[in-house]
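Here are some questions a first-year student might put to a structure, each followed by a short line of reasoning. Keep the sequence and the 3D view side by side while you read.

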Amino acid sequence: MDIESLIKLIREISSSNLTEFSYEEGVIKIFMGKEMEEIPSFPRKETNYEKQIVEQKNEFEKEKLITSPLVGTFYVAPSEDAEPFIKEGDVIKKGQVVAIVEAMKLMNEIESEYEGTVEEIFIENGQTVEYGQPLFRLK
């Protein structure tokens with residue numbers, strides 16, 4: 001690569017949006033990098049919709065959620081003819097078994113991380129659940 005071609009290459013790269021460039025030809029190796037200046041961010045006004053989402057999120061975070069620790073099938077009782085572990089309105093204690101999630105033919109008991117009253121059960125018996133999916137909401 002001659003000097004004129006190199007200068008032309010440097011000008012082209014400098015005027016482009018590229019932040020890094022490397023070139024190899026035989027024993028010649030060229031690497032160029034440039035820092036991009038930060039674009040100042042301007043605060044924008046929050047919309048009513050965004051405020052509602054933030055308020056709902058804050059309210060939701062105050063609630064205690066029991067989530068699924070694994071992917072599998074959700075069961076509310078230890079067997080088909082047994083009573084459910086818990087129902088809406090029940091007061092539960094930390095460490096109490098609240099459900100079972102079957103994963104890879106293993107029955108995994110789900111224990112409550114919180115004490116409180118069961119406000120809502122999000123999942124139906126026999127449904128598939130994902131990791132981290134909310135199962136119960138407590139107050």
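Q: Which residue in strand 6 does Thr73 stand opposite?
A: In this predicted model, strand 4 (residues 72-75) pairs with strand 6 (residues 97-103) in the antiparallel sense, over 3 bridges. Strands of a sheet pair through backbone hydrogen bonds, either parallel or antiparallel. Within strand 6, the residue standing opposite Thr73 is Glu102.

Q: Which strands are the edge strands of the open sheet of 4 strands?
A: The strands of this open sheet follow the order 7-6-4-9, and their pairing is antiparallel. An edge strand pairs on one side only, and this holds for strand 7 (106-111) and strand 9 (128-129).

Q: Which strands each supply at least two residues of the largest nonpolar core?
A: The largest nonpolar core has 14 residues, and those with the most contacts inside it include Ile110, Val98, Leu135 and Phe136. Leaving aside neighbours within four places in sequence, Ile110 is in contact with residues including Val98 and Leu135. The strands that each supply at least two residues of this core are strand 6 and strand 10.

Q: Is Arg137 buried or exposed?
A: Arg137 has its place in strand 10 (residues 134-138), and its side chain makes a polar contact with the side chain of Glu120 at 2.6 Å. Because a residue under 20% relative accessible area is called buried, the value of 17% relative accessibility decides the matter for Arg137. Arg137 therefore counts as buried.

Definitions and conventions. Residues numbered from 1 in each chain as written. Predicted model: local features only at pLDDT ≥ 70, side-chain atom pairs only at ≥ 80, totals over all residues. Heavy atoms only, no water. Buried < 20%, exposed > 50% of the residue type's maximum accessible area, 1.4 Å probe, protein only. Polar contact = N/O pair within 3.5 Å; in protein donor to acceptor, adjacent residues only side chain to side chain. Pairing = 2+ DSSP bridges. Core = buried A, V, L, I, M, F, W, Y, C linked by side-chain atoms within 4.5 Å. Contact = heavy atoms within 4.5 Å.
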